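Biologist: I would like a close look at a single part of this assembly, followed by whatever surrounding detail helps to place it. Please take your time and keep the reasoning explicit.

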Amino acid sequence: MSSAFASTRTNGSEVVKELAFFAVVALLMSVMILGVETVDRPTGLELAVRWDLVLIAIGSTVVGRFALIMRREGMSRIVQALLITVTAVAVFEMFVRFRDMDDRWASPVVLDMAFGSVLSTVVAIAFVAIVFAIAYFSMKEKGAVEVDESAKLSSKIQLVYRSNTKKIGLVGIIFFIIFPFLFGENRSAIDLATLVMIYIMLGWGLNIVVGLAGLLDLGYVAFYAVGAYSYALLSQNFDLSFWLCLPLAGIFAASFGIILGFPVLRLRGDYLAIVTLGFGEIIRVVLINWYDLTGGPDGISSIERPSFFGLADFSRRVPEGSVAFSDLFGMDYSSMHRLIFLYYLILALALVTNFVTMRLRKLPIGRAWEALREDEIACRSLGINPTNTKLSAFAIGAMFGGFAGAFFATRQGFISPESFTFLESAVILAIVVLGGMGSQIGVVLAAIVMIGFPEMFRELAEYRMLIFGAGIVAIMLWRPRGLLSFRDPTILLNMSQKEKVAGELK
Amino acid sequence: MTDNKLLEVEHLTMRFGGLVAIDDLSFTANKSEITAIIGPNGAGKTTVFNCLTGFYVPTEGRLTLHANDGPRLLERTEGFRIPRNNGVARTFQNIRLFTGMTVLENLIVAQHNRLMEASAFSIAGLFNLGRYAKAEKEAIEKAKFWLNKVGLYDQADWNAGNLPYGSQRRLEIARAMCTDPSLLCLDEPAAGLNPRESAELNILLQSIRDDQGVGCLLIEHDMSVVMQISDHVIVLDYGRKIADGNPDAVKNDPAVIRAYLGEEEDDELPPEVAADLNVDPNAH
């Protein structure tokens, strides 16, 4: 390899000259922007010079440039990636110092942060690993040999994943079932898992509409809101129990899906997206302004918590005529019981969503959804009613959104229109797209990445968003079509799934 | 003769604003026959198909399909109901397969309506009740039959988009046949096929006509296909019918020659065109 690039190799003094040039440029650029700041002193404003920032800027520029030189010369990718990682860490250090540090000659903040606690060490390692990996894989070398190897590796992983999807799914389910036994006493862990599970369920619901039927829905949160308000209002005004309201919330949300869907489903692509976006906003604005019914911006508070299937109650002080959950099972009272019960409830709801979706995919309706996504005109020529087929996708997706909404209301005990903003729709859509359209396990991973990680690392304040951003960039680079964007056939005639995947990867 | 009619087109007119795409067109197509519609580009052939299959609503005229259980008026039927209730299937000039789905799935999607009924609109299907399982098995059998017929059995699990062009054309025909049509409308099925593939296509279409008893309506520019297999040829030019009859009569019709070659005074055909029009039926 070295001989192939020998002709382009620049000698040492040229490299030094180039690096010196960039150091000067970095100095000129950073000294005015980063290096000088005004400080408020009792005697008036004074100029302070932040040489530390300037030095880091120059250093990271030189190191980054050196990495680019190495790339130009076709030298080791690992070293290149290392240099780029060092640059990234240096820039991060500069960012932190610029914002919070006044002490010019303090030791590197990065080190303090990285070794502050076990958690932050893990995050730091993850960050460095992600940056390193991005750098490594995006640096395609001129000789294509190693690129082939990474492609081979990814296709090997794909083969293993796609021919064992069921087993992987089963392991995932078992993990989520035993999760409360692992973290039973950790309140925040259960809370977080419940939150992630809500988004997994919403992602699975939206996956029917976006992933299978290919209808871009930017207003999914509207159905979530309809479900939540259905339960809250029914339980407050008519004193209905959660177990009765749950199916009703689903039915209401599905009806809203049909009402919205009927006029707009003749629209396609972007136009449909805009109309659904509008529908999401309409629902929110109605909730804010219909003060008599919804309480407007004040929301609805003290929504009834679910009972144990109507048999027992989770409160410490049990109302007249019902049994306490702890008494029913002869345990001591613990406030965790309700949380764990809620966790299992959303887990069950999410699993129902998943199983129904998986089953529908193999039914004529599911195949028609996918066919509609591929070619609507061909569907019409085969006698498939496009409107009804789309409506059914919309209604079923909305129904699961409604279930999740009812659960959300009963878990929070308080809902207001603020919980149902466009941002929620965007997050749910991002989960579906990031996971890989149509992939059920992809949604789980994406929900953990999108919801779980930022919550888990909340103590790292805004730096977690930096890592989050790096993670999203990594996903865009490697898997522009989503983490697990494979379509598995619903039926195979003379091949096994493994053979099919192997044939595709060839 | 009258009870052999499959499709009757009477005074069909289609206007797009000021443009008259089809002008007072009448013809009939018979059961178990291949009726070819030919004509220069822009003559309105595909528009006829779009009217028949419900993609356009004709401006004027009546389209009657004589199905086994009585006549049906196609121009009054909503688009997607034509293939569902009346048994008119079609293929497209530029192939429209579900490219991301497998070959077998393409054929099963084509049997959507029957399966949907068997799955009781997904409720019985959700729990895999007996009736649905049986219907699905039948659907797979039918798909297998057509896979064998078009020679794609071994590629059944491929994604349809990965098939070579000629196989995609045949798959589209098989998909249309899986809807159990009484009339099959083929829009340039031989476009882009090599001579061997179009000879295979001839055999396939003849078998659809003879073994399945399905009437075919065929738009085609490849005269070797048209002259060899069609029982009846209709020639369109600027939306009007200029000739109608058996292949031999049509190819010697002066109006047809004029439409294809322009208004030249001498009737002599250039030799390569004459050769094209006079293809020996036993050539392949």
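Biologist: How many residues of chain B are in contact with chain A, and how many residues of chain A do they touch?

Modeller: The model is a predicted one, and what follows should be read with that in mind. On the part you ask about, 28 residues of chain B are in contact with 30 residues of chain A. On the chain B side, the elements that each give two or more residues are the helices α2 (81-86), α3 (103-109), α4 (112-118) and α5 (123-126) of chain B. Sorted by class, that side of chain B has 12 nonpolar, 11 polar and five charged residues.

Chain B, which supplies that side, contains 12 helices and 10 strands, and buried residues make up 47% of its 284 residues. When the contacts in chain B between residues at least 6 apart in sequence are considered, 66% of them join residues at least 24 apart. Two residues of chain B deserve a note for their backbone. B:S32, in the loop between β2 (19-30) and β3 (34-38) of chain B, has a positive phi of about 55 degrees although it is not a glycine; with 16 other C-beta atoms within 10 Å, B:S32 counts as partly exposed, because the buried class begins at 20 and the exposed class ends at 12. B:Y238, in the loop between β9 (232-237) and β10 (240-245) of chain B, likewise is not a glycine and has a positive phi, near 45 degrees, and with 15 other C-beta atoms within 10 Å B:Y238 is partly exposed.

Turning to chain A, two helix pairs can be described by their axes. Helix α11 (residues 242-264) and helix α18 (residues 386-412) of chain A have axes that come within 7 Å and cross at roughly 140 degrees, which makes α11(A) oblique to α18(A), since an angle has to be over 145 degrees to count as roughly antiparallel. The residues of this contact between α11(A) and α18(A) divide into 17 nonpolar, eight polar and one charged, and the crossing of α11(A) past α18(A) is right-handed. Helix α9 (residues 187-212) and helix α15 (residues 336-361) of chain A pack at an angle of about 20 degrees with their axes 9 Å apart, and α9(A) and α15(A) are therefore roughly parallel to each other. The crossing of α9(A) past α15(A) is left-handed, and the contact of α9(A) with α15(A) has 18 nonpolar, six polar and three charged residues.

Burial can also be followed along single helices of chain A. Helix α2 (residues 12-33) of chain A has 22 residues and reaches 32 Å from its first C-alpha to its last, close to the expected 32 Å; two of the 22 residues of α2(A) are buried, so α2(A) lies largely in the open. Helix α19 (residues 422-435) of chain A, with 14 residues, reaches 20 Å, close to the expected 20 Å, and its buried residues include A:I428, A:L429, A:I431 and A:V432. Just after α19(A), A:G436 takes a positive phi of about 105 degrees. In helix α12 (residues 269-289) of chain A, A:I283 counts as buried because it has 22 C-beta neighbours inside 10 Å, and, leaving aside neighbours within four places in sequence, A:I283 is in contact with A:A222, A:A225 and A:V226.

Terms used: Residues numbered from 1 in each chain as written. Chains lettered and ligands numbered in written order. Predicted model: local features only at pLDDT ≥ 70, side-chain atom pairs only at ≥ 80, totals over all residues. Helix = DSSP H or I, 4+ residues; strand = E, 2+ residues; numbered from the N terminus. Contact = placed C-beta atoms within 7 Å. Expected span 1.5 Å × (residues − 1). Axes fitted to C-alpha atoms, helices over the stretch in contact; angles between N-to-C directions. Parallel < 35°, antiparallel > 145°, perpendicular 65-115°, else oblique. Left-handed = near helix turned anticlockwise from the far one by under 90°. Nonpolar A, V, L, I, M, F, W, Y, C, P; charged D, E, K, R; others polar.
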